[in-house]
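Here are my notes on this one, for someone who is opening it fresh. Have it on screen while you read.

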Amino acid sequence: MTYESKDVYTRRRADRIYGLFARVFIGVGDRIFSINDGDYQVDPDFRTIQTNQGHFIHPDGMFTNHSCSPSAAVDARIGVLYALRDINPDEEITFDYSKTESDIQATFNCTCGSLYSMIVAQDTTAQSFAAT
C-alpha cells in the first residue's frame, strides 16, 4: 500500500517511540483517517485496529498510540478514527485501545500520564485504576 496523508505525520517522540501527529488543525468531530482503508488482517496483532468489519493495518493507525485521555476515538461501526476534541498542529493523536480492541495483542504498561492510567496484561481485559 502506498499512502501519504496531508493531515498527519509520524515521528519519533522524546521517549524514542514513534507516534502520529497532526500536521494541520483538526477540529472536534473531524475524520482523521478511515481505518478500513488499511489492509485487512485475519488475525489481530499489535499493529491492527479493530472495527466492526475486522482488524486492519493502516499506515497511520499502526503509529497511533494509546492514551487514557485520548484526543481521538474509533467509530467501529464505520471504521473511522475521529477527533474527540480540537487537535493542534504538531500535537500527538492518540486513542484508548481498551474502547475498541476485544483482545489486546501486546503487553504494555500505560505511561500516558493521565489521571487514570491503564495496566494491560497479555490476553486479558484492560483494567482502569486511578494513578497515584
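**Notes on the fold and strand E10**

1. Going from the N terminus, the elements of the protein are β-β-β-β-β-β-β-β-β-β-β-β-β. That makes 13 strands and 0 helices; both are DSSP runs numbered from the N terminus, with at least two residues (E) for a strand and at least four (H or I) for a helix.

2. Before going on, a word on the source: this is a predicted model, where local features need pLDDT of at least 70, side-chain atom pairs count only at pLDDT 80 or more, and totals for chains, interfaces and linings use all residues. Residues are numbered from 1 along each chain as its sequence is written, and side-chain values use heavy atoms, leaving out hydrogens and water.

3. Now have a look at strand E10, residues 92–95. Glu-92 and Thr-94 point one way, Ile-93 and Phe-95 the other, and all are buried (under 20% relative accessible area, with a 1.4 Å probe and protein chains only).

4. Which strands pair with E10? Strand E2 (residues 18–22) does so in the antiparallel sense over 2 bridges, with Leu-20 opposite Ile-93. Strand E7 (residues 65–66) pairs with E10 in the parallel sense, also over 2 bridges, and here Asn-65 has Thr-94 as its bridge partner. Pairing takes at least two DSSP bridges between the strands.

5. For the whole protein, 42% of the 132 residues count as buried. Of the contacts (heavy atoms within 4.5 Å) between residues at least 6 apart in sequence, 52% join residues at least 24 apart.

Technical notes: Buried means under 20% relative accessible area, exposed over 50%, partly exposed in between (1.4 Å probe, protein chains only).
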